[in-house]
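The following exercises introduce a structure to a reader who has not seen it before. Each task is followed by a solution that goes step by step.

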Amino acid sequence: MFDSKVINMLLEGIGDTLYMTLGSTIIGYIVGLPLGILLNVSSEKGLKPNSVLYRILDIICNIIRSIPFLILLILLIPFTKLVVGQSYGSTATIVPLVVCASAYIARVVESSLNEVDQGVIEAAKAMGASNRQIILKVLLVEARTSLVTGFTITTGLLLGYSAMSGTVGGGGLGDIAVRYGYYRWQTDIMIVTVILLIIIFQIIQYIGTKVALKLDHRKR
């Protein structure tokens, strides 16, 4: 029965899920965007090639991305406790989500910047633009559509990871689905949580696609 208690629980679950997803995405981009720029700039064809720096960042990103999220979440429990003072709940889940997201975002940003036409970069160099100006006014501007698309994909991915964290007390809709759908066999509540997750994902996808299309100068 969906009484007021269950409805309030679901509403709280939606809030926790959005908090984990959007919070980890924003913080993940604060960390991952500079990493992605560094990967692009220090690559062989970058503005300032540095094979040592690129290799170090490349290895770090590959290691983090190769670890399944649930295992990463468990591995980071001591670090999570150190950062937020607890190892369970919505706030605690953001820590492993950010670590996971940062490496993924770095790769997405690197890939987006690699798509920028080299002719545009060379033209900026010929006009006397500094590396900083090229990064801020050429690379990031020209790659904005791809970056927004990557942001949308990343947010959807973290939504799934936040739900996955419910298996170890991560909070949100995933936690509700596990507690009621798995442990108590209340299939109706589990189905509702799945539907809510699908709706949230579709909203994120719709907004991201609309913004990306609006920013795409090739469509004008």
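**Exercise 1. Describe the surface and the overall build of the chain.**

Solution. The model is a predicted one.

Step 1. Begin with the surface: the chain exposes about 12200 Å², and carbon and sulfur atoms supply 67% of this area.

Step 2. Turn to the interior. Of the 220 residues of the chain, 44% count as buried.

Step 3. List the secondary structure. The chain has 10 helices and zero strands, and the order from the N terminus is accordingly written α-α-α-α-α-α-α-α-α-α.

Step 4. Consider the extent. Along the principal axes, the C-alpha atoms fill a box of roughly 70 × 45 × 25 Å.

Step 5. Examine how the chain meets itself. Taking contacts between residues at least 6 apart in sequence, 73% join residues at least 24 apart.

Step 6. Locate the charges. There are 18 positive and 13 negative charges, and their mean positions lie 5 Å apart.

**Exercise 2. Determine whether the length of helix α5 agrees with its number of residues, and describe its course and surroundings.**

Solution.

Step 1. Helix α5 covers residues 90-114.

Step 2. At 1.5 Å a residue, its 25 residues should span 36 Å; the end C-alpha atoms are 35 Å apart, so the two values agree.

Step 3. Follow the course of the helix. A kink of about 25° occurs in α5, and its centre is L97.

Step 4. Assess the surroundings. Because 20 of the 25 residues of α5 are buried, the helix is largely enclosed by the rest of the structure.

**Exercise 3. Classify S90, T91 and S112 of helix α5 as buried or partly exposed, and name their contacts.**

Solution. A residue is buried under 20% relative accessible area and exposed over 50%, with partly exposed in between. Neighbours up to four places away in sequence are left out of the contacts named for S90, for T91 and for S112.

Step 1. S90 belongs to helix α5. Its relative accessible area is 11%, so S90 is buried. S90 touches D16, Y19 and M20, as well as G170, G171 and G172.

Step 2. T91 is also found in α5. With a relative accessible area of 34%, T91 is therefore partly exposed. The contacts of T91 are Y19 and V84.

Step 3. S112 lies in α5 too. A relative accessible area of 3% means that S112 is buried, because this value is under 20%. S112 is in contact with A143, S146 and L147.

Step 4. Relate sequence to space. T91 and N114 are 23 residues apart in sequence, and their C-alpha atoms are 34 Å apart.

**Exercise 4. Identify the buried residues of helix α7 and the elements that cover them.**

Solution.

Step 1. Helix α7 comprises residues 131-142, and its buried residues are I134, I135, V138, L139 and L140.

Step 2. Recall the geometry of a helix. An α-helix has 3.6 residues a turn, so residues three or four places apart point the same way.

Step 3. Find the cover. The elements over the buried residues of α7 include α1 (4-42), α5, α6 (118-126) and α8 (144-164).

**Exercise 5. Characterise I71 and T187, and give one distance in space for each.**

Solution.

Step 1. I71 sits in helix α3, residues 69-75. Its relative accessible area of 44% makes I71 partly exposed.

Step 2. I71 and D188 are 117 residues apart along the chain, and their C-alpha atoms are separated by 29 Å.

Step 3. T187 is part of helix α10, residues 187-215. At 40% relative accessibility, T187 counts as partly exposed.

Step 4. T187 and I204 are 17 residues apart along the chain, with their C-alpha atoms separated by 26 Å.

Key
Residues are numbered from 1 along each chain as its sequence is written. This is a predicted model: local features need pLDDT of at least 70, side-chain atom pairs count only at pLDDT 80 or more; totals for chains, interfaces and linings use all residues. Side-chain values use heavy atoms; hydrogens and water are left out. Helices (H or I, at least four residues) and strands (E, at least two) are DSSP runs, numbered from the N terminus. Buried means under 20% relative accessible area, exposed over 50%, partly exposed in between (1.4 Å probe, protein chains only). Contact means heavy atoms within 4.5 Å. Accessible areas come from the Shrake-Rupley method with a 1.4 Å probe; for residues, only the protein chains shown count as cover. Lys and Arg count as positive and Asp and Glu as negative; His and the chain ends are not counted. The place of a charge is taken as NZ of Lys, CZ of Arg, CG of Asp or CD of Glu. The expected span of a helix is 1.5 Å times one less than its number of residues. The bend at a residue is the angle between axes fitted to the seven residues ending there and the seven starting there.
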